[in-house]
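Trainee: Got a minute? I have a new model open and could use a quick tour.
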Amino acid sequence: MTTRVGFVGLGNIGKPMALRLARTEGIELQVYDVAPDPVAELVAAGAVAVDSVAALDVDVVCVMVRDDDQVRSVAADVPLDTVLVVHSTVAPGTPAELAAAGHRVLDAPVSGGAMGAADGTLAVMVGGTDEAFAAAEPVLNALGSLVVHAGPIGAGTKFKLARNMLHFIAFTATTEAARLAEAAGLDLKALGQVVRHTDAITGGPGAIMHRETAAPLDPDDFWHGVFANVTSLGVKDLGFAIDLAHELGVDVPLAELAIDRLGPGLGLPSAGG
């Protein structure tokens, strides 16, 4: 069967996503963007250009625009019987707002950047009804190698916000580590190579995310012993790093927060309890 798909928003990630769809068997693609160059590139790849969102004649419309207001503007011109797939990261309440207006909405933000978009290896986090998900599934599977139907309307957006919270907190922690390394006279690019190399092996922060709950751990739980060891090593190494930072005059507030919160965050008793 052929799925007729419209794609609106051909920016840094939207364009490679749309190009991926243009090359996918079983998908007929129509595209719209206010910028002519990416539209021309999509037409060269086999898509059909339309001159407005309202001119799309499709089963599924994928939206990858800048913000909530632009998503609302696009949605206003999409027929209510068309599945509206919002790939933009929006406020948690926006998908439900669109659904309340009668749209068949999937909130389906993505993670993996332009590289993942280009090669179809995005993670796609989806909220919406089973019916809408089934209608858009061929499109979602073409865009990502990991498609998670996270729950009802809004679940995909909340999933992405949790993922990105980790992402940007980790970036901020990385700046602390970089300042410490620089003050110690180390090669920051080499440190980055080591981080990327080892995270690819261990899974990075995702390595601790195997439990179904964030509740405190029972002492008989398998993870109690694992996380007790993680905490012991973490507190030791964080302590050494904080001492070094103090010696070098480097401010590391996230590290000082982490040394106190690592164990309790993993479900273990606090040092005082």
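Mentor: Start with charge: the protein has 16 positive and 33 negative side chains. The centres of the two sets lie 3 Å apart.

Trainee: Which residues count as positive and which as negative?
Mentor: Lys and Arg count as positive, Asp and Glu as negative; His and the chain ends are not counted. Each charge is placed at NZ of Lys, CZ of Arg, CG of Asp or CD of Glu.

Trainee: Any ground rules?
Mentor: This is a predicted model, where local features need pLDDT of at least 70, side-chain atom pairs count only at pLDDT 80 or more, and totals for chains, interfaces and linings use all residues. Residues are numbered from 1 along each chain as its sequence is written, and side-chain values use heavy atoms, with hydrogens and water left out.

Trainee: How many helices and strands does the protein have?
Mentor: 10 helices and 9 strands. These are DSSP runs, numbered from the N terminus: helices are H or I, at least four residues, and strands are E, at least two.

Trainee: Is strand E1 mostly covered or uncovered?
Mentor: Covered. E1 spans residues 3-8, and 5 of its 6 residues are buried (under 20% relative accessible area, 1.4 Å probe, protein chains only). Across the protein, buried residues make up 37% of the 273 residues.

Trainee: Which strands pair with E1?
Mentor: One is E2, residues 27-32, parallel over 6 bridges. Pairing takes at least two DSSP bridges. Arg4 stands opposite Glu28 in E2. E4, residues 60-63, also runs parallel to E1, with 4 bridges. There, Val61 is the bridge partner of Gly6.

Definitions and conventions:
Buried means under 20% relative accessible area, exposed over 50%, partly exposed in between (1.4 Å probe, protein chains only).
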